[in-house]
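Reader: I'd like a close look at just one part of this model, the place you'd zoom in on before anything else. Could you walk me through it in plain language, and then follow it a little way inward?

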Amino acid sequence: MTREGDASGAVEDDTSAAAEQLVGLDRLLHEPARLAIVSCLYVIEKADFVFLQNQTGFTAGNLSSHVSKLEDAGYVGVEKRFVGKRPQTLLTLTGAGRAAFDDYRSTMRSVLDGVDAATN
Amino acid sequence: MNTTAELKALEERAYKRTWEDGVLDIIIGAGLTLLGVLFRTELAGLAGMFVAVLMMPLWALGKKLITVPRLGYVEFGAERKARERGWTKQLLVLGTMTFVLAVGLYVAIRSDGGVAESLADLRIGYLLMGVLIALGLAVAGMMIGTGRFVGYAGIVLTATGVGYVTGVELEDYLLAAGLVILACGFVVLARFLHRYPVTREGGR
């Protein structure tokens, strides 16, 4: 095989490895809105629904629906309480959520590195 | 959104946002203004009490009544809390030094020719007090990560410097700096109230 042939083979290997990794991505986290929510909770310890709404800019219904999905997956912990007469929903990223986000980040990083290696 | 630097920036933005309410600005501005007024009316002891005792509870009350219903409630991570503790220790040291100096100056002003024989000694005390207050504001600015408080430190330093050179009394330049900071605080608060209306939880 020529040197050019070696190079194109390496590119194919890189891109197919990247494609395989992409298939294995956590699809629950890969959705942009949920990724924004999890990113936000990843960098803080605890926040209520209103803070998260302000941080992400989502409507209450939209945020609620995504939080429910993350809660069902065990990624987000939800604690309801009353402050005076006002209800407050506190949200935290669980250990499983943190680990899933770490995995997601490392997979994406390796995919992007693979793509970079293939294109440069 | 996923690199470490971007996540750190996200956390910093969230943290800074909690200080965009102008509450601390107003309390500091009001504290300095009141300090100036009470020094002028010879009630400096009351002024010291206000600054030392009422500032923190008033700030906490302002956060509870103004900030949390609009911006929401947030607790930051251990790293941020540790950094805050470090800054707070520095602020406490500066605050104590300022308080001790203020008490010393008060005693010196009130004593009849005893402690403060020379007016020049008092002026150096005034200058030092302005520098300590400015340092405290600068440290607070670095803790919060906003240039606004560094600007306030500049205002206090300028007022102190001008006061020292022109021979203006301590209470006058405290009053001037306090009023400017108070006005800035109200502008910041108005912007915050406009940007974040009271939000009630919905959808859950």
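**Where chain A meets chain B**

Author: Let's go to the interface of chain A and chain B, where 9 residue pairs are in polar contact, with both residues of each pair at pLDDT 80 or more. Keep in mind that this is a predicted model. On the chain A side, the elements that each supply at least two residues touching chain B are the helices α3 (32–43), α4 (49–56), α5 (60–72) and α6 (95–119), plus the strands β1 (44–48), β2 (76–83) and β3 (86–93). Sort that side of chain A by class and you get 17 nonpolar, 8 polar and 9 charged residues.

Now for the area. Put together, the two chains bury about 2600 Å² between them, and 52% of it is on carbon and sulfur atoms. If you want names to click on in chain A, try A:Val43, A:Phe51 and A:Arg86: they lose the most area to chain B, together 22% of what that side buries. In residue terms, 34 residues of chain A are in contact with 28 residues of chain B.

What about charges? The count between the chains is 1 salt bridge. The side chains involved are those of A:Glu45 and B:Lys81, at 3.3 Å from N to O. There's strand pairing across the interface too: β1 of chain A runs antiparallel to β1 of chain B (residues 74–76), over 3 bridges. A:Lys46, for instance, has B:Glu75 as its bridge partner in that strand of chain B.

Let's step across into chain B. Its inventory is 7 helices and 1 strand, and along the sequence these read α-α-α-β-α-α-α-α. Of its 204 residues, 43% count as buried. Look at contacts in chain B with a separation of 6 or more, and 78% of them come from residues 24 or more positions apart.

A few residues of chain B make that concrete. Start with B:Trp19, in the loop between α1 (4–17) and α2 (23–40). B:Trp19 counts as buried because its relative accessible area is 8%, and the cut-off is under 20%. Leaving out residues up to four places away in sequence, B:Trp19 touches B:Leu24, B:Trp59, B:Lys63, B:Glu84, B:Met143, B:Ile144 and B:Arg148. Its C-alpha atom is 8.9 Å from that of B:Thr67, 48 residues apart along the chain.

From there, follow B:Leu24 and B:Ile144, which are also among the residues that B:Phe149 touches. B:Phe149 belongs to helix α6 (residues 147–166) and is buried, with a relative accessible area of 0%. Others touched by B:Phe149 include B:Ile28, B:Leu137, B:Ala138 and B:Gly141.

Another residue touched by B:Phe149 is B:Asp25, and the C-alpha atoms of these two are 8.1 Å apart, although 124 residues separate them along the chain. B:Asp25 sits in helix α2. Is this aspartate buried or exposed? B:Asp25 is buried, at 1% relative accessibility. Its side chain does have a polar contact, though: the side chain of B:Arg148 is 2.6 Å away. B:Asp25 also touches B:Tyr152, B:Ile181, B:Gly185 and B:Val188, among others. And B:Arg148 closes the loop of this little tour, since B:Trp19 touches B:Arg148 as well.

Terms used
Residues numbered from 1 in each chain as written. Chains lettered and ligands numbered in written order. Predicted model: local features only at pLDDT ≥ 70, side-chain atom pairs only at ≥ 80, totals over all residues. Heavy atoms only, no water. Contact = heavy atoms within 4.5 Å. Buried area = accessible area lost by both parts, 1.4 Å probe. Salt bridge = Lys/Arg side-chain N within 4 Å of Asp/Glu carboxyl O. Polar contact = N/O pair within 3.5 Å; in protein donor to acceptor, adjacent residues only side chain to side chain. Helix = DSSP H or I, 4+ residues; strand = E, 2+ residues; numbered from the N terminus. Nonpolar A, V, L, I, M, F, W, Y, C, P; charged D, E, K, R; others polar. Pairing = 2+ DSSP bridges. Buried < 20%, exposed > 50% of the residue type's maximum accessible area, 1.4 Å probe, protein only.
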